[in-house]
Every structure is written in structure tokens, then in C-alpha cells.
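Trainee: I have a new structure open and would like to practise reading it. Could we go through it together, one question at a time?

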Amino acid sequence: MYLIDISRNGQPSFDARVNQSLDNYFVNDLKLPGHGFMFYINQPSVIIGRNQNVWAEVDINYLHEHDIELVRRTSGGGAVYHDMGNFIFENILTDNADDFGDYGHFAEPVLKALRKLNIDVKMKENSSDLILNGKKWSGMTMFKSGQGLAAGGTIMYDLNIENAKKVLTEDQMEKQKGLGVRSKRSPIINLKDFLPDGMTMDDFREYLLKEIFAVKSLDDIETYHMSEKDWQNVDKRLAETYGTHEWNFGHNPGYYDYADQTFSAGKLGINWTIDDGKLVHLKFNPFFKVSGHLKDVEAGLVDKKPSRWNVKRAVKKAEIENIDNEALTDFLVDNFDKSE
């Protein structure tokens, strides 16, 4: 097994959209032989499964107001919150998928290391969650591609649990639509208070890596360092797909189209579906605080034909003060027309 160093120009990568796309790159593009292992930290972010409806899973206003990034995985699983108090581990295999689906196999090295510290961690029965005192400190996910796979999860050291609860607030009306895979909410817990006194996050990282790789020094770990060519390929993939709002916000089950535009107040996105000439789904994604009632526009247009007259009337009733009504109407009508 070897460690995959995802630093760039000597600096660690904390960009969640970058980091979460790397497993796909290593499994599908680079295909290094053997067993790779990534261990990294993300800036505050919500990671949702490939087939999840973000509008049902996340408080979008809270997300934008607190500069939390939204990242859609290339694999399945539920919605989770990451920040600088949380580690992510991933196993990368490109030529052996025999253990696909066996979460316990990939969790065991981490569980074993924590048990050596006399922490009673275990895998929840019939689940991919790792628990302590009945509470979740890791959620795992994996995906398979040909003979390759990626499998890993979180390790909550000192996660901001309050942020996690607030941003992962379900929209009950959206939830009732039944679009996409639902998350299974569980009480969560940090490991920090159960570790030996004085064990910092850096100490914890070093301990885990030494145990997982069975070495006495980090210098003894065989390491693959990402090259500039690797990063150029990753940048291209991000620009085309994984770094785009179309992928992260727009790739929602049941919502077929996404567009955004920058107005004087900021960027505004829309996610919608037109069927048989009528809007059946519509959600706004404002990257700024809107003075007015965008939900009234949604309610006023769903189940109606997206004609200019209907759009203009719905926009006027919403009493939006910091977006020009005519400009908003043009944005909506132009995009609705393109998708019919």
C-alpha cells in the first residue's frame, strides 16, 4: 500500500471540489497499480451523493451565508458535512474490486488503530456507519468502475457539529416529492474527547497513518506525489464537470435543466423541469441574500406554462427589490424557451 500525496506546489489541498474528484481520477484515468490511500482535510463543505436532490437535503441559504461549498460525489451515499476538524480517508484500487461492497474490510485498519487507544469503536450493524457510544463518527461510501474501486469515509476529530446540523436541514416540502436518494440522519460525535490527553489533530493524523501503514516513521511510507501533469488533468475535469454549478447544484434527480446568471446583486441559479409544456419543478439558487420572495415565484409557476405573461406576473407578485424584475423575467423566459 502507498500513500497518495495530493499537495500542489508544496501546499496541501483543502478544496473540497478538487479533493472529492480525485478518487474518480485515480480509478478511471491514472490507474496506478496496487493499493493507494488518500488522507486529507476539506474546507467547510457539504458532500452529497451523486443521485441526491440537494434541494431536499440542504439549507441552501445557510450554505451560501456561511461560505460552505457544495460538492456532488461521483459515488452514492448520503449528505455529510466536512470542515477543517474532519479527516477523510480513501482506498484506491485500480485492478482488484473483489472487496467491493465490504465496508468492514476498508474500515478495519482505522477501527483497529482506534481500539489500540482503548476507544470502543465499531461498525453499525447493517450499515456503512462507524459508531462510538451509538453515535456516528464516520460515514463510508464507495464506487466501482471496471476492476477498480474507491472506498473510504470520514473521521470526525473536532467537527463543528452545530454547523453540520444547521446546513443539513431537510426541506420537508421538497422531501415529499420523493426525488433522489434520501440521507439517513444519525446523531454524530467527535473523537477528540476520547483520545489521549494532549493528542492534537496533527498528532492524531500521524498516529493513524503510522498504524495503517505499520511503520515507525512517516518517512517510511511509500508515497506517490501528484505531478503537474496530474494536476492539469484534474483541472480539466473540474472545468468540464466536477467544479461546475451545473454538476454540483444542477445534477438533481427529477430536475433536468440548470442555468445561472450574474445580476447586480450577485449570481442566481435556477434548476427546473418542463414536461408537456408545463413547469413541473422549479428551484432558485441565490448566491446572495434576496430581498423578496423567490419561493413565491416557484409556487406561482409550477404546474403552469412558462409563458412570458405567467413569468412576469409571478415575478411581480414576489416583490423582489434587489433584482430588476424585467432582467429576471428575461433570464427565466430565455432559459425555459431553450429547454422546451
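Trainee: Which residues in α11 do V297, G300 and L301 in α10 meet?

Mentor: Good place to start, and keep in mind that this is a predicted model. Helix α10 covers residues 294-301 and helix α11 covers residues 308-317, and their axes come within 8 Å. From the α11 side, the residues that meet V297, G300 and L301 are N310, V311, A314 and V315.

Trainee: How many nonpolar, polar and charged residues does the contact of α10 with α11 have?

Mentor: Let's look at the helices first: their axes cross at roughly 145°, and the crossing is right-handed. Gly counts among the polar residues here. The contact divides into five nonpolar, two polar and no charged.

Trainee: Now the interior, please. Which element gives the most to the largest nonpolar core?

Mentor: This core has 39 residues, and L114, W137, I155, F204 and L208 touch the most other members. Elements that give two or more residues include β2, β9, β10 and α7. The one that gives the most, with seven residues, is α7.

Trainee: Which residues is L114 in contact with, leaving aside its neighbours within four places in sequence?

Mentor: L114 is one of the residues that touch the most other core members. Two of its contacts, F204 and L208, are also among those residues. The full list for L114 is I119, V121, W137, L191, F204 and L208.

Trainee: Why does the pair of F39 and F87 tie together parts that are apart in sequence?

Mentor: The two rings are stacked, at 4.9 Å centre to centre with 20° between the planes, and both F39 and F87 are buried. F39 lies in strand β2 and F87 in strand β6, so the parts they tie together are 48 residues apart in sequence.

Trainee: What kind of pair do the rings of W272 and F336 form?

Mentor: W272 lies in strand β13 and F336 in helix α12, so this pair ties together parts that are 64 residues apart in sequence. Both residues are buried. The ring centres are 5.6 Å apart and the planes stand at 70°, and an angle over 60 degrees is what the name requires, so the pair is edge-to-face.

Trainee: Last one! Which residues do ring pairs link into a cluster?

Mentor: A search of the whole structure finds twelve aromatic pairs. You have already met F39 and F87 as a stacked pair, and both belong to the cluster. Its members are F37, F39, F87, F89, Y157, F204 and F213.

Conventions: Residues are numbered from 1 along each chain as its sequence is written. This is a predicted model: local features need pLDDT of at least 70, side-chain atom pairs count only at pLDDT 80 or more; totals for chains, interfaces and linings use all residues. Side-chain values use heavy atoms; hydrogens and water are left out. A nonpolar core is a set of buried Ala, Val, Leu, Ile, Met, Phe, Trp, Tyr and Cys residues joined through side-chain atoms within 4.5 Å. Buried means under 20% relative accessible area, exposed over 50%, partly exposed in between (1.4 Å probe, protein chains only). Helices (H or I, at least four residues) and strands (E, at least two) are DSSP runs, numbered from the N terminus. Contact means heavy atoms within 4.5 Å. Rings of Phe, Tyr and Trp (its six-membered ring) pair if their centres lie within 6.5 Å; planes under 30 degrees apart count as stacked, over 60 as edge-to-face and the rest as tilted. Axes are lines fitted to C-alpha atoms, for helices over the stretch in contact, and angles run from 0 to 180 degrees between N-to-C directions. A crossing is left-handed if the near helix is turned anticlockwise from the far one by less than a right angle, and right-handed if clockwise.
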